[in-house]
Amino acid sequence: MKSHAMCSNMVRCLGDGNTSLQKLATSIVFFFCLSDVSCNSVEQKIYVELNNTVPCVRLLNATHQIGCQSSISGDTGVIHVLESEADLEWPLSKGPNPPYMVLLESSLFTRSIMMKMKNESNRVAGVAVVVPNTSPPEFSPHTTCPNENTGVYSDNYGPNLAHCNTTVWNPRGNGLSYEEFDFPVFSLKEDNETEFIKQCYLDHNRAVNGSAPQYPLCAMQLFSHMHAVTNTPTCMRRNDINFSINPEMVCDPLGDYNVWGSIRPYNDTVFGHKENESVVIAAARLDSRAFFWEVSTGAEGSVSGFVTLLAAAQALREVTHEAPPTRNILFAFFQGETFDYIGSSRMVYDMENGKFVIDLDNIHSVLEIGQVAVHSGTNLFLHSDPVSRRNNTVNDEVREELFSSFFVFLLVEPNVSQPLPPSSLQRFLRAQPIPGIVLADHESAFNNRYYESFYDNAANLNLTYPSDLSPEEQLEFVTDTAKSLTDVATVVARALYKQAGGNESLVNNIKADPKIVTQMLYGFLVSSNNSWFQACHKHTGRYGVLGYLGLHCFVFFCLLEPSPPEYYYLLANLTGAATNLTQSQCQKPDELPNESRQMYSYLWVQGIVPPNSTERDSFCVRASVRLTKAVSPAFELGEYASKDYSTWTESRWKFIKARIFLVASRDLEMLTLGVGVAVLFTSLLVTYFISTKADVLFSSTREPASAAY
């Protein structure tokens with residue numbers, strides 16, 4: 001509105017004269033005013049913004065950086081749709097219009113093709129990967145030996161078992177997630193935007209009979225400039241350099257929160273060793289990752305394990321209240337295990353340094369739930385550490401108590417000389433020889449064909465629903481996958497109760513609830529915005545979808561107050577008790593007798609909507625469930641080049657954007673530049689001429705006012 005008013009005033013002022021110079025000046029003002037009005041629409045006519053894109057971002061550790069990034073102004077290239085590996089010859093050598101933005105289907109997103117483009121990065125501006133709605137036979141961008149340098153096996157502990165010398169756990173891994181690319185790599189959904197890009201390529205870029213296409217050409221521009229470079233020590237040092245009042249951080253340590261709870265509460269202000277206290281730890285990992293930022297749900301890799309443990313915890317609620325076992329059971333859900341065991345190493349560190357409610361000497365044993373997506377015709381396997389079992393005491397505990405606890409399911413013990421698979425238990429063993437087993441669906445190599453990839457989704461767990469069901473009906477529908485995991489959860493719950501010294505006559509009464517399992521699977525893998533998750537949560541709105549790392553944007557952990565995730569509320573609802581406290585009492589329970597925040601967490605949850613009502617039946621849940629930091633001890637100690645702890649950080653960035661447009665030939669661009677320069681100098685001359693004649697152009701001759709008598 002301001003520019004319109006200014007133009008009107010300028011035109012009105014110039015319009016008072018009658019000379020040809022005044023008319024010329026009026027025309028110039030009109031030109032600039034019209035340019036200002038239409039400048040926004042010009043950009044929209046030039047560019048088509050791509051909305052359904054996800055970038056590969058940069059991560060750093062103590063020694064190097066991995067991932068992708070664009071230049072600070074974005075990278076632009078002529079689009080080339082790759083149809084086969086042989087077709088790489090065009091963008092890498094034959095094509096006359098480099099650099100190229102290579103668009104490829106997921107079947108061509110292989111290490112061989114990506115490394116060829118990396119080696120010719122001067123001719124490749126970037127890569128866009130079309131992710132289909134169906135999965136390939138197999139794909140894992142992770143390494144073949146996950147977390148090989150931060151587990152228990154090393155030159156000093158089972159050297160023959162270190163670095164996957166005897167067992168390659170992820171033979172399908174191509175290592176792409178741990179490569180560095182000097183160009184941006186984005187993923188695109190298989191939708192109308194992708195079809196539009198392909199049509200633009202066919203209309204403008206496709207070579208006919210080997211001849212070069214004619215201008216204009218269809219081009220793509222990708223923006224994903226990363227602030228951090230080199231490695232974690234470098235970026236953390238730059239974080240500490242303050243040259244301005246509002247210094248900008250360049251990277252953040254990967255971090256989130258572990259979730260833990262116990263059947264008997266602990267005072268969360270009293271840390272360290274507990275006399276005459278013996279604890280069985282039941283553990284599972286929460287996080288997953290993929291090549292692209294925040295697009296991994298980790299269905300088999302993590303969800304199958306922590307859903308099983310949540311269901312087992314719920315199955316134990318009644319029996320542990322009725323007949324408490326002699327040992328306590330602590331349920332631990334670890335974050336950041338993909339990146340060198342961030343969550344478990346932090347809990348062990350806290351136990352060693354008197355910063356946790358128990359210490360390592362209080363631990364009787366550890367039972368970890370790994371990948372347990374029991375496929376048709378497969379068994380479950382009980383993995384243990386062959387090195388610690390050389391100690392007769394540890395070996396007896398593993399064989400007589402842990403293995404004997406699993407007595408009703410088809411379970412197999414792998415070869416005793418085989419090492420533990422990648423697991424949180426390894427971090428406990430680094431500190432102390434603790435009896436422990438890892439329950440998994442694989443004897444040696446992973447069964448998971450999509451380990452740490454965006455294809456490890458609901459389809460990988462065969463999570464399917466009849467087509468005629470509504471979303472709410474799907475939420476209640478008990479799938480075959482849910483039935484299988486319910487069986488596993490029942491076995492785990494019974495084993496934990498027996499292992500904790502519970503009443504064996506009650507063991508067969510322990511059963512997991514298939515309805516709860518199917519609701520969790522639906523919520524974590526299909527739609528988290530559902531009535532059951534809402535009922536268990538404290539607020540309305542859209543609920544987070546599982547994804548990159550901590551399932552909820554695992555970075556930027558430095559918030560003063562944590563935002564409790566879904567599984568925190570689920571563990572509280574599944575193991576806690578509903579109270580009669582009002583909302584205000586739930587927020588300040590210490591003001592009431594027999595209530596204590598030191599012993600319990602108090603959560604006000606929405607509850608369900610009763611029949612014939614529109615208001616939710618909210619209530620207060622009291623549970624011995626807590627959040628603790630899952631940030632690597634390396635950042636607590638300031639040891640950014642640590643070899644003992646995870647040092648992973650994630651770079652920050654300003655914005656992520658992708659767009660396509662038609663690019664003109666170099667000759668036309670130079671001609672346009674020349675015309676622009678000519679117009680510039682012409683306008684300068686006209687401006688100079690107008691300024692020298694300002695007294696003539698902008699003076700007004702007024703007729704003498706008539707006298708009034």
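In the predicted model, Asn-239 touches Met-249, Val-250 and Cys-251 when residues up to four places away in sequence are not counted. Asn-239 itself is found in helix α6, which covers residues 232-239. Because its relative accessibility is 6%, and residues under 20% are classed as buried, Asn-239 counts as buried.

A second asparagine, Asn-447, lies in the loop between β18 and α11, the latter being residues 471-476. Asn-447 has a relative accessibility of 29% and therefore counts as partly exposed, a class that falls between the 20% limit for buried residues and the 50% limit for exposed ones. Leaving aside the neighbours of Asn-447 within four places in sequence, the residues in contact with Asn-447 are Arg-172, Glu-300, Asp-441 and His-442. The C-alpha atom of Asn-447 is also separated by 9.7 Å from that of Val-372, although these two residues are 75 residues apart along the chain.

For the protein chain as a whole, the secondary structure comes to 19 helices and 24 strands. Of the 709 residues in the chain, 53% are buried. Among the contacts in the chain with a separation of 6 or more, 79% are accounted for by residues that are 24 or more positions apart.

The packing of helices can be followed in one pair. Two packed helices are described by the angle between their axes and the distance between the axes. In the pair formed by helix α13 (residues 514-525) and helix α15 (residues 566-575), the axes come within 12 Å and cross at roughly 170 degrees. Because angles over 145 degrees count as roughly antiparallel, α13 is roughly antiparallel to α15. On the side of α13 the contact is made by Ile-516, Met-520 and Phe-524, and on the side of α15 by Glu-566, Tyr-567, Leu-570 and Leu-574. When these residues are grouped by class, the contact of α13 with α15 has 6 nonpolar residues, no polar residues and 1 charged residue.

The empty space in the model was examined next. Rolling a probe the size of a water molecule over the atoms shows where empty space is left. The count comes to 6 cavities of 30 Å³ or more, and the largest cavity has a volume of about 250 Å³. The largest cavity is lined by 22 residues, of which Arg-285, Glu-368, Pro-422, Ser-423 and Tyr-451 lie nearest its centre. The elements that give two or more residues to this lining are the strands β15 (363-369) and β18 (436-440). By class, the lining of the largest cavity has 9 nonpolar, 9 polar and 4 charged residues.

The second largest cavity has a volume of about 130 Å³. The lining of this second cavity is made up of 17 residues, with Cys-145, Glu-148, Tyr-153, Cys-164 and Gln-426 lying nearest its centre, and these 17 residues divide into 11 nonpolar, 5 polar and 1 charged.

In the largest pocket there is about 810 Å³ of space. This pocket is lined by 32 residues, and those closest to its centre are Glu-148, Asn-149, Thr-150, Asp-340 and Lys-643. The lining of the largest pocket has 10 nonpolar, 16 polar and 6 charged residues. Glu-148 is thus named both among the residues nearest the centre of the second largest cavity and among those closest to the centre of the largest pocket.

Definitions and conventions. Residues numbered from 1 in each chain as written. Predicted model: local features only at pLDDT ≥ 70, side-chain atom pairs only at ≥ 80, totals over all residues. Heavy atoms only, no water. 1 Å grid on protein atoms, 1.4 Å probe; cavity = no way out; pocket = protein on both sides within 12 Å on 5 of 7 lines; lining within 4 Å. Points joined across faces, edges and corners; volume = space filled by probe spheres on them. Helix = DSSP H or I, 4+ residues; strand = E, 2+ residues; numbered from the N terminus. Nonpolar A, V, L, I, M, F, W, Y, C, P; charged D, E, K, R; others polar. Axes fitted to C-alpha atoms, helices over the stretch in contact; angles between N-to-C directions. Parallel < 35°, antiparallel > 145°, perpendicular 65-115°, else oblique. Contact = heavy atoms within 4.5 Å. Buried < 20%, exposed > 50% of the residue type's maximum accessible area, 1.4 Å probe, protein only.
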